[in-house]
Amino acid sequence: MNPLRWPFRAQFLLGFLICAGLLGYAIFLQLKMGLEPCPLCIFQRLAFAALGLLFLIGALHGPSNRPGRATYGVLAFIAAAVGVGIAARHVYVQMLPPEMGATCGPPLAFLRETMGPLEVFRTVLTGTGNCGNIDWTFLGLTMPMWSGVWFVLLALWALVVSLRKVKR
């Protein structure tokens with residue numbers, strides 16, 4: 001069962017299921033294990049949700065021509081690239097020495113109440129709360145590192161699946 005031989009719809013559905021599974025695991029860790037997400041974690045979740053939504057729409061639409069498939073692939077790639085950027089920023093904040101003040105700032109709810117949307121985005125990405133904490137690791141990689149790995153894999157998957165030749 002080589003997934004590269006599956007129909008386009010099944011391949012994009014797999015991308016959606018992976019995103020949904022990753023989001024489900026993040027919510028499980030939050031609700032059952034008590035790991036509270038920081039603002040950068042929230043933005044990574046939003047990027048996974050956007051990527052998953054693009055995979056789902058592409059799977060439901062299932063364009064039969066190459067330009068239609070390429071459009072979905074490029075859009076999914078862009079969403080994944082945004083996720084890579086957010087995850088990379090989070091890894092950078094986590095790797096800063098504690099004396100450098102590796103934090104993200106006040107909670108996201110407080111920021112939304114006191115600032116405009118662009119200012120909130122800028123404040124979160126400049127790294128000021130608890131984004132520097134490493135609460136979870138697997139095989140030596142932190143959660144934002146794993147997010148970055150998954151964003152890269154899903155970006156490549158979207159491009160490979162959508163830009164290959166359409167079989168008639």
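Select helix α2 (residues 39–61) and helix α6 (residues 143–163) in this predicted model. The two helices pack at an angle of about 20 degrees, and their axes lie 12 Å apart. Angles under 35 degrees count as roughly parallel, so α2 is roughly parallel to α6. Their crossing is left-handed.

Now show the side chains at this contact. From α2, pick Gln44, Ala47, Phe48, Leu51 and Phe55. From α6, pick Pro144, Ser147, Trp150, Phe151, Leu154, Trp157 and Ala158. Colour them by class: 10 residues of the contact of α2 with α6 are nonpolar, two are polar and none is charged.

Keep α6 on screen and add α1, residues 8–31. Here the angle is about 170 degrees and the axes are 10 Å apart. Angles over 145 degrees count as roughly antiparallel, which means that α1 runs roughly antiparallel to α6. On the α1 side, select Phe8, Gln11, Phe12, Leu14, Gly15, Ile18, Cys19, Leu22 and Leu29. The α6 side of this contact consists of Met143, Trp150, Leu154, Trp157, Ala158, Val161 and Ser162. Trp150, Leu154, Trp157 and Ala158 of α6 take part in the contact with α2 and also in the contact with α1. By class, the contact of α1 with α6 has 13 nonpolar and three polar residues, with no charged ones.

Next, bring in α3, residues 66–95. Helices α3 and α6 pack at about 165 degrees, with 8 Å between their axes. These two helices are therefore roughly antiparallel to each other. The crossing of α3 and α6 is left-handed, as is that of α2 and α6. Charged residues do appear in the contact of α3 with α6: there are two, alongside 16 nonpolar and seven polar residues.

Last stop: the largest pocket. Which residues lie nearest its centre? Select Ala26, Leu29, Met143, Pro144 and Ser147 to find them. The pocket has a volume of about 570 Å³, and 28 residues line it. The elements giving two or more residues to the lining are α1, α2, α3 and α6. Helix α1 supplies the largest share, six residues. Coloured by class, the lining shows 18 nonpolar, seven polar and three charged residues.

To finish, leave the residues nearest the pocket centre selected and look back at the helix contacts. Leu29 and Met143 are also part of the contact of α1 with α6. Pro144 and Ser147 are also part of the contact of α2 with α6.

Key: Residues numbered from 1 in each chain as written. Predicted model: local features only at pLDDT ≥ 70, side-chain atom pairs only at ≥ 80, totals over all residues. Heavy atoms only, no water. Axes fitted to C-alpha atoms, helices over the stretch in contact; angles between N-to-C directions. Helix = DSSP H or I, 4+ residues; strand = E, 2+ residues; numbered from the N terminus. Parallel < 35°, antiparallel > 145°, perpendicular 65-115°, else oblique. Left-handed = near helix turned anticlockwise from the far one by under 90°. Contact = heavy atoms within 4.5 Å. Nonpolar A, V, L, I, M, F, W, Y, C, P; charged D, E, K, R; others polar. 1 Å grid on protein atoms, 1.4 Å probe; cavity = no way out; pocket = protein on both sides within 12 Å on 5 of 7 lines; lining within 4 Å. Points joined across faces, edges and corners; volume = space filled by probe spheres on them.
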